[in-house]
Amino acid sequence: MTDVLIIGGGLAGWRAAEAAVNAGASVALVANGAGNSPDIHAINVPVRDDDSVELFVDDTLRSGRGGCNRELVEVLCRESVKLKDEFPFDRNPDGSYKLLQPLGCSVPRCVSIDHKIGAWALAKIKRELLRDGAIAVAKGRVVDLRNGGGIYIATVKAADDEGSVATHTARSVVVATGGWCGKYDFSDNPPELRGDGIEMAAALGAATRDMDQVQYEPTVALAPERLRGIPVITTMLFEGATFRNKDGEEFLADKHANKDEISRAIQNEINHGRGSGTPESPSVAGVWFDATKVPREILDTTYIDTVKRYAAAGVDIHTEPMLVAPAPHTSLGGLVIDARCRVLRDDGLPIPGLFAAGEVTGGIHGFNRIGGNAGTETLVFGRIAGGEAASFARIRQS
Ligand SMILES: Cc1cc2nc3c(=O)[nH]c(=O)nc-3n(C[C@H](O)[C@H](O)[C@H](O)COP(=O)(O)OP(=O)(O)OC[C@H]3O[C@@H](n4cnc5c(N)ncnc54)[C@H](O)[C@@H]3O)c2cc1C
């Protein structure tokens, strides 16, 4: 029995664990994989003088195409500013922040730490919590969650060969199981991301929203085979990258198009027979994402991970284009929460002791997520969920 049980070992889950531990709660975390969070390259924080919380809110609402919960967006943008004091974001030699401009942002807003802020933040939080023995961690898949007499009981299938089963009990639960894009054949998500948390919370009466909304990443590698399913960062468009179909024709001149518009434009080429296949699978079509006009010094610094990954697979992106296609990337819908991360029922009332954060929730990104907003979401709402779950457990105990 712990005060708080966290289901999910991505950034939302570990961030919630950190906040719950800091609030004095006993915490257990169960996860059956690492999720998408280690792949988070950069996150949005308004750090520039010409940026502001208000502009961040406007960009997010506009990109969400009328589908966002304004209150949650305001929390996201307001709280993101605090991350500036917490994380040593990369800086240029002149001391200014190193920034990328994601599609949908009016100004450069994406900060990072060594190109991989997700892995960096996870490592930091885990190091601190595990060093202090502040948390119990179990590997396994939660297959059932129920509430008996105000106590949550989770059934966990351990990740061992025997598939043994254990139960965890807790006064409150944070559901941080990520999205469901791992269910698709061609996706950049790992297969364990199947929407389990949404199903388990729904069985406890949770409301869901926008469950038909999935964001496609426009530029996911189709070939070479060893890179299949790995996304190529779209901000290269601002540096001079272009799209070409199988006839070499350039399409989508609008560098400021949003991810959904880019995905649609690419799919339109493929649907009209203008996509290219690979020599191994000619029937699988994609388009060419051509970074050969991006200045070499930019490719070799800002996009060095992509350069190295392709080089290891035998493709020199300084001189050769990349074959890409849109793939399911982020679940936009999910559990309905309020600004305190309480999971709500259809009637708008919270389910006592049940909290959620991260990609498992809906309402923040609306119908189109700005690149970089998901990482910010995990850090902001993970912290809120963990703190609220700890407070709930304390009240329950007293
Ligand atoms: C390739 C890639 C690159 C990305 N890059 C960026 C980026 O640069 N910036 C950005 O903002 N966003 C990015 N995103 C989106 C971002 O990674 C996710 O939205 C974010 O990581 C979600 O975090 P999370 O903690 O909610 O879920 P996840 O990190 O996906 O973690 C979910 C956790 O739940 C566990 N889990 C699931 N079901 C169960 C179960 N039944 N029992 C136990 N555990 C379970 C999983 O194993 C995992 O540990 C990227 C996504 C991808 C796929």
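**Exercise 1. Ala136**

Determine where Ala136 is placed in this predicted model and whether Ala136 is buried or exposed or in between.

*Solution.*
Step 1. Ala136 belongs to strand β5, which spans residues 135-148.
Step 2. The relative accessible area of Ala136 is 40%. Buried requires under 20% and exposed requires over 50%, so Ala136 is classed as partly exposed.
Step 3. Leaving aside residues up to four places away in sequence, Ala136 touches Val27, Ala28 and Leu29.
Step 4. Ala136 and Val30 are 106 residues apart along the chain, and their C-alpha atoms are separated by 8.5 Å.

**Exercise 2. The nonpolar cores**

Describe the largest nonpolar core, the surroundings of Val27, and the other core.

*Solution.*
Step 1. The largest nonpolar core contains 79 residues. Those with the most contacts inside it are Val27, Ile43, Phe89, Leu354 and Phe381.
Step 2. Helix α10 makes the greatest contribution to this core, namely eight residues.
Step 3. Another core, of 37 residues, lies apart from the largest one, and includes Phe186, Phe251, Ile266 and Val294.
Step 4. Beyond residues up to four places away in sequence, the contacts of Val27 include Thr2, Val4, Ile6, Ala17 and Ala20. Also among them are Val21, Ala134, Ile135 and Ala136.
Step 5. As a general point, nonpolar side chains in soluble globular proteins tend to be buried together.

**Exercise 3. The ligand and its shell**

State which residues surround the ligand, which polar contacts are made, and which elements supply the shell.

*Solution.*
Step 1. The ligand is surrounded by 39 residues, of which Asn32, Gly33, Ser37, Asp196 and Gly375 are the closest.
Step 2. By class, this shell holds 13 nonpolar, 19 polar and seven charged residues.
Step 3. Two polar contacts involve the protein backbone: a backbone N or O atom of Leu11 lies 3.2 Å from a ligand oxygen atom, and a polar backbone atom of Val142 is 2.8 Å from a ligand nitrogen atom. A side chain also takes part, as an N or O atom of the Glu359 side chain is 2.7 Å from an oxygen atom of the ligand.
Step 4. Taken alone, the ligand exposes 1,000 Å², and the protein buries 96% of that.
Step 5. The elements giving two or more residues to the shell are α1 (11-22), β2 (27-31), β5 (135-148) and α10 (373-397). The largest share, four residues, comes from α10.

**Exercise 4. Ser37 and Asn189**

For each of these two residues, establish the loop in which it lies, its burial, and its contacts.

*Solution.*
Step 1. Ser37 is found in the loop between β2 and β3. Its relative accessible area is 8%, and the cut-off for buried is under 20%; Ser37 is therefore buried.
Step 2. The Ser37 side chain reaches the backbone nitrogen of Leu11 at 2.8 Å. Excluding residues up to four places away in sequence, Ser37 touches Gly10, Leu11, Gly118, Ala119 and Leu122.
Step 3. Asn189 lies in the loop between β7 (165-175) and α6 (196-203). Asn189 is buried because its relative accessible area is 9%.
Step 4. The side chains of Asn189 and Asp188 are joined by a polar contact of 2.9 Å. Excluding residues up to four places away in sequence, Asn189 touches Asn36, Cys181, Gly182, Pro328, His329 and Glu359.

**Exercise 5. Helix α2 and the backbone at Arg65**

Identify the buried residues of α2, what covers them, and the phi value just after the helix.

*Solution.*
Step 1. Helix α2 covers residues 53-63, and its buried residues are Phe56, Val57, Asp59, Thr60, Leu61 and Ser63.
Step 2. The cover over these buried residues includes β3 (43-44), α3 (70-80) and α10.
Step 3. Just after α2, Arg65 has a positive phi of about 50 degrees. Arg65 lies in the loop between α2 and α3, and is partly exposed at 36% relative accessibility.

**Exercise 6. Further backbone features**

Locate Cys341 and Pro224 and describe the backbone feature at each.

*Solution.*
Step 1. Cys341 has a phi near 65 degrees, which is positive in a residue other than glycine. Cys341 sits in the loop between β14 (334-335) and β15 (342-344), and counts as buried at 0% relative accessibility.
Step 2. The peptide bond from Ala223 to Pro224 is cis, and omega is near -5 degrees. Pro224 is in the loop between β9 (214-221) and β10 (242-244).

Notes: Residues numbered from 1 in each chain as written. Predicted model: local features only at pLDDT ≥ 70, side-chain atom pairs only at ≥ 80, totals over all residues. Heavy atoms only, no water. Near = heavy atom within 4 Å. Polar contact = N/O pair within 3.5 Å; in protein donor to acceptor, adjacent residues only side chain to side chain. Areas by Shrake-Rupley, 256 points an atom, 1.4 Å probe, with all protein chains shown as cover. Nonpolar A, V, L, I, M, F, W, Y, C, P; charged D, E, K, R; others polar. Core = buried A, V, L, I, M, F, W, Y, C linked by side-chain atoms within 4.5 Å. Buried < 20%, exposed > 50% of the residue type's maximum accessible area, 1.4 Å probe, protein only. Contact = heavy atoms within 4.5 Å.
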